[in-house]
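Let's take a friendly walk through the inside of this protein. Keep the view open as you read, and turn the model as each part comes up.

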Amino acid sequence: MDHTRTPLFTALLEHAEKNPIQFHIPGHKKGVGMDPEFRSFIGDNALSIDLINIAPLDDLHQPMGVIEEAQKLAADAYGADHTFFSVQGTSGAIMTMIMTVCSEGDKIIVPRNVHKSVLAAIIFVGAKPVFIQPARDKNLGIDHGIPTRSVRRALEKHPDAKAVLVINPTYYGVCTDLKEIVDLVHSYNMPVLVDEAHGVLIHFHDKLPMSAMEAGADMAATSVHKLGGSMTQSSVLNVKGNRVNPKRIQTIISMLTTTSTSYILLASLDTARRHLALNGTEMAERTIALAQYTRKQINEIENLYCFGEEILGGEATFTYDPTKICVHVRKLGITGFEVENWLREHYNIEVEMSDMYNILCLVTPGDTPENIEILLEALRKLSHMNDDVVEVKEVVIKVPAIPQLTLTPRDAFYGETEILPFKDSADRIIAEFIYVYPPGIPILLPGEVITQELIDYIVEHVEVGLPVKGPEDRSVQNVKVIVETQAIF
């Protein structure tokens with residue numbers, strides 16, 4: 001295929017050049033009806049292609065023209081049989097995967113550290129999650145991938161499950177042996193769904209982990225916007241093989257997608273594909289080199305550590321993406337959250353995320369050596385801020401056991417509820433989510449029994465300022481639980 005072509009973006013440019021008189025939405029009519037300051041900032045070029053699904057521009061809900069051509073080019077670039085554009089982010093693509101293969105009452109095998117969109121889809125369809133505990137790194141205080149042996153046990157116990165979902169790579173950049181898991185799951189004639197949100201570059205360089213499509217997975221939701229140069233909220237859903245029906249996928253993704261699809265987002269997917277297909281290897285090579293330089297420099301800074309190849313060797317740490325810079329800050333005597341705030345206040349640096357012991361920085365094709373040197377300068381200064389720390393706390397992995405799922409997430413979410421003080425909610429069934437975002441991993445989800453261990457764990461996170469979210473009560477002082485039927489004596 002000719003990857004110099006951008007069928008959708010080119011059609012938008014040609015349409016804008018004709019400058020037609022518009023009697024359709026959006027109402028700003030190329031910016032004329034818009035707030036002048038915003039129009040000046042955004043620019044008339046962008047506003048001229050802020051259009052809708054008129055005939056010359058095809059329709060994302062039933063693509064038969066330039067969008068269809070753009071998706072075929074994307075499928076070729078990502079090694080897929082079919083690619084679907086998503087303007088609902090990777091969350092929309094993940095929900096599409098699950099809702100394509102699951103119906104009410106169906107089981108789906110998923111890692112416990114899945115994104116909240118996985119649980120949202122499970123609630124919508126009324127599926128039953130079968131959780132696999134990811135491998136925990138006791139030195140860093142983070143989760144890695146799921147071991148193959150855990151997948152095997154889940155399949156042996158639940159051969160009637162409709163699919164297995166795998167995260168590849170994790171938020172921190174670590175991968176399990178995806179090919180081995182795909183082959184195992186396929187031996188049960190079961191599809192493999194992959195959350196590939198942080199893996200668009202892996203399609204374009206052999207020094208990066210194997211992509212879901214290369215491993216033979218059936219579907220993969222991939223955030224082009226995170227690392228691949230498209231605009232925020234634009235992603236793709238890649239599909240391979242015959243275990244899932246692409247027509248069914250089109251139906252589901254259309255149900256989840258606005259009818260007012262953003263052509264600016266769609267055009268950015270089209271042009272990002274061109275850039276990656278033509279220059280992806282070079283872009284990835286430069287990014288990897290910059291990231292490895294960063295890692296080496298960080299590891300020469302006192303009291304800081306950035307993991308690399310030395311953590312590999314286990315089932316759940318089969319390979320890793322070096323462009324994810326996870327900086328372990330425990331020896332500074334402060335939390336990762338405090339480091340994030342310090343970098344913001346003193347160096348105007350924003351990191352991807354922080355947790356109790358780490359900060360995560362993403363090195364992408366958009367970074368420059370100058371950016372990296374500022375980060376390194378900041379970290380060198382930070383390393384000496386707490387030289388008077390006498391005692392460094394050990395990593396304490398307090399993540400409690402997976403709680404008992406008493407009701408399906410859907411039944412709990414839509415059940416009869418009441419509000420209780422969170423600290424008094426032990427042994428009750430929760431009816432809402434509690435998760436840490438980013439990255440959006442659930443600690444409790446609807447239908448699970450709240451334990452005292454979980455209460456203590458969540459309260460500790462709230463008190464140190466980590467981003468615990470989900471409940472209607474944003475302070476997490478109160479929680480919604482299922483009403484219990486009173487016993488009759």
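Which element gives the most to the lining of the largest cavity? The model is a predicted one, and in this model the answer is α11, with three residues.

**Enclosed spaces**

The structure holds two cavities of 30 Å³ or more. Around the largest cavity you will find Leu60, His61, Gln71, Phe84, Phe85, Gln250, Ile253, Ser254 and Thr257. Two elements, β1 (82-86) and α11 (246-255), each bring at least two residues to this lining.

Turn next to the second largest cavity, whose lining is made up of Pro111, Asn113, Pro134, His144, Gly145, Ile146, Val166, Ile167, Thr170 and Thr176. The table sets the two spaces side by side.

| Cavity | Volume | Lining by class |
|---|---|---|
| Largest cavity | about 60 Å³ | four nonpolar, five polar and no charged residues |
| Second largest cavity | about 40 Å³ | five nonpolar, five polar and no charged residues |

**An open pocket**

Now for a space of another kind: the second largest pocket has a volume of about 290 Å³. Its lining counts 13 residues, and those nearest the centre of the pocket are Ile349, Glu350, Cys361, Leu362 and Asp367. Both β15 (358-362) and α14 (369-383) supply at least two residues of this lining. The largest share comes from α14, which gives four residues. Sorted by class, the pocket lining has eight nonpolar, two polar and three charged residues.

**Two histidines**

Is histidine 203 buried or exposed? Histidine 203 counts as buried because its relative accessible area is 16%, which falls under the 20% cut-off. You can find histidine 203 in the loop between β8 (192-196) and α9 (212-215). Beyond its neighbours within four places in sequence, histidine 203 is in contact with Tyr78, Glu196, Ser211, Met213, Thr222 and Asn238. With Tyr78 there is a polar pairing to look for: a polar atom of the histidine 203 side chain lies 3.2 Å from the backbone oxygen of tyrosine 78. Looking further along the chain, leucine 276 is 73 residues away from histidine 203 in sequence, yet their C-alpha atoms are separated by 9.2 Å.

Histidine 328 makes a good companion to look at next, as part of strand β13 (residues 324-328). Histidine 328 is also classed as buried, because its relative accessibility is 6% and buried means under 20%. What does the side chain of histidine 328 reach at 3.5 Å? The partner is the backbone oxygen of tyrosine 357.

**Where two helices meet**

Finish with helix α1 (residues 7-18) and helix α4 (residues 66-78). How do their axes run? The two axes come within 7 Å and cross at roughly 145°. On the α1 side, the residues taking part are Pro7, Leu8 and Ala11, and they meet Val66, Ile67, Glu69, Ala70 and Leu73 of α4. By class, this contact has seven nonpolar residues, no polar ones and one charged residue.

Technical notes
Residues are numbered from 1 along each chain as its sequence is written. This is a predicted model: local features need pLDDT of at least 70, side-chain atom pairs count only at pLDDT 80 or more; totals for chains, interfaces and linings use all residues. Side-chain values use heavy atoms; hydrogens and water are left out. On a 1 Å grid over the protein atoms alone, a cavity is a set of points where a 1.4 Å probe fits but cannot get out, and a pocket is an open set with protein on both sides within 12 Å along at least five of seven lines; lining residues have an atom within 4 Å of a point. Grid points are joined across faces, edges and corners, and a volume is the space filled by probe spheres set on the points. Ala, Val, Leu, Ile, Met, Phe, Trp, Tyr, Cys and Pro count as nonpolar, Asp, Glu, Lys and Arg as charged, and the others, Gly among them, as polar. Buried means under 20% relative accessible area, exposed over 50%, partly exposed in between (1.4 Å probe, protein chains only). Contact means heavy atoms within 4.5 Å. A polar contact is a pair of N or O atoms within 3.5 Å; within protein, one must be able to donate a hydrogen and the other to accept it, and residues adjacent in sequence count only if both atoms are side-chain atoms. Axes are lines fitted to C-alpha atoms, for helices over the stretch in contact, and angles run from 0 to 180 degrees between N-to-C directions.
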